[in-house]
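Student: Could we go through this model together, beginning with how the protein meets its nucleic acid partner and then turning to the fold?

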Amino acid sequence: MPELPEVETIATNLREGRVGQPSLIGRSILKARLLWERTLAAPSPTEFYSWLPGQVFQAIRRRGKFIVFELSQYTLLVHLRMSGDLLVESDDAPIAPHHRLLIDLDGGLRLAFNDARKFGRVWLTAEPDSVLGALGPEPLDESFTAQDLHQALHARQRQLKPLLLDQSFLAGLGNIYADEALHLAKLHPLTLSNRLTPEQSERLWLSIRHVLQEGIQRNGASIDWVYRGGDYQHFFKVYQRTGNPCYNCGTPIERLVVGQRGTHFCPTCQPLH
DNA sequence: CACGAGACCTGTTCGC
DNA sequence: TGCGAACAGGTCTCGT
């Protein structure tokens, strides 16, 4: 499901609370229960169950597509992959289909990890860098400049689309926002990274930041049953618009498969040179 | 190093 | 209506 804007929205809601749902900050954990063991990437279930009770939520943030829960002594990391979601619910609510992990909290609450496709993963560790360390830069960070992007693009020779999806190159972009950013930047998804001029790199940098910021502003995109609450799907320019006219030039949007991912682009606005 | 295929999973939609 | 194929917001591993 989620890319950077959706993960950001979920993390913000858990940190700040939303209507009818309190913040998790300051809450303590009573116990945890795994309903699908493979959801837990590390440590062992035995360690997981013994480390969590008594831990208090100190901070909640996002890094790439990971949700980072800073607890008293450990860090809980959650990656939602394709279909994961995190819900705060009453601890006596019926266990919904696809719940994979329940964490009981004080105050009669429960944090539930729901994940139909079972791809999502959870880590509990004292060394979060052991999981997050390989991630590339945060695209919205002040320290990430157009020059940085240009230099990184020229350090490799790869097709732009798969490179933008590579989380060690840049953290947080997924299939939707990569397609939207490339369209806004007027770059073909198969363009080789080291062929971009400084001007093209800057356009890509601006476009990536633009689509991510707009996504966050609209609480992410909700394109099917998996994620709710976002609006950005109404503003897609190419994603899932195959055959529909480009808003710039009227040419039908085309779809091709790149790195096994559906890829949407305008052949006129995004020519392959 | 770059790339493609297969794996991990379940649910929904599409095409005949 | 029914049924299999195709597809889905992600990432890992393996072979070339």
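**Contacts and sheet**

Tutor: In this predicted model, sugar or phosphate accounts for 62% of the atoms of DNA strand B within 4 Å of the protein, and the rest belong to bases.

Student: Which residue has a polar side-chain atom 2.5 Å from a phosphate oxygen of DNA strand B?

Tutor: The residues around DNA strand B include Trp-36, Arg-38, His-98 and Ala-116. From His-98, a polar side-chain atom lies 3.0 Å from a phosphate oxygen of the strand, while Ala-116 places a backbone N or O atom 3.4 Å from a sugar or linking oxygen. The residue with a polar side-chain atom 2.5 Å from a phosphate oxygen of DNA strand B is Arg-38.

Student: How many residues of the surface near DNA strand B are charged?

Tutor: Arg-117, Lys-118, Arg-156 and Arg-158 are among the residues around the strand. The surface near DNA strand B divides into 3 nonpolar and 4 polar residues, and the charged ones number 5.

Student: Which strands are the edge strands of the open sheet of 4 strands?

Tutor: The sheet has antiparallel pairing, and its order is E1-E7-E8-E6. An edge strand pairs on one side only, and this holds for strand E1 (29-34) and strand E6 (84-90).

Student: What is the bridge partner of Ile-29 in E7?

Tutor: Strand E7 covers residues 99-105 and pairs with E1 in the antiparallel sense over 5 bridges. Within E7, the residue bridged to Ile-29 is Leu-105.

Definitions and conventions: Residues are numbered from 1 along each chain as its sequence is written. Chains are lettered from A and ligands numbered from 1 in the order in which they are written. This is a predicted model: local features need pLDDT of at least 70, side-chain atom pairs count only at pLDDT 80 or more; totals for chains, interfaces and linings use all residues. Side-chain values use heavy atoms; hydrogens and water are left out. Two strands pair if DSSP finds at least two bridges between them. Helices (H or I, at least four residues) and strands (E, at least two) are DSSP runs, numbered from the N terminus. A residue is near a molecule or strand if one of its heavy atoms lies within 4 Å of it. A polar contact is a pair of N or O atoms within 3.5 Å; within protein, one must be able to donate a hydrogen and the other to accept it, and residues adjacent in sequence count only if both atoms are side-chain atoms. Ala, Val, Leu, Ile, Met, Phe, Trp, Tyr, Cys and Pro count as nonpolar, Asp, Glu, Lys and Arg as charged, and the others, Gly among them, as polar.
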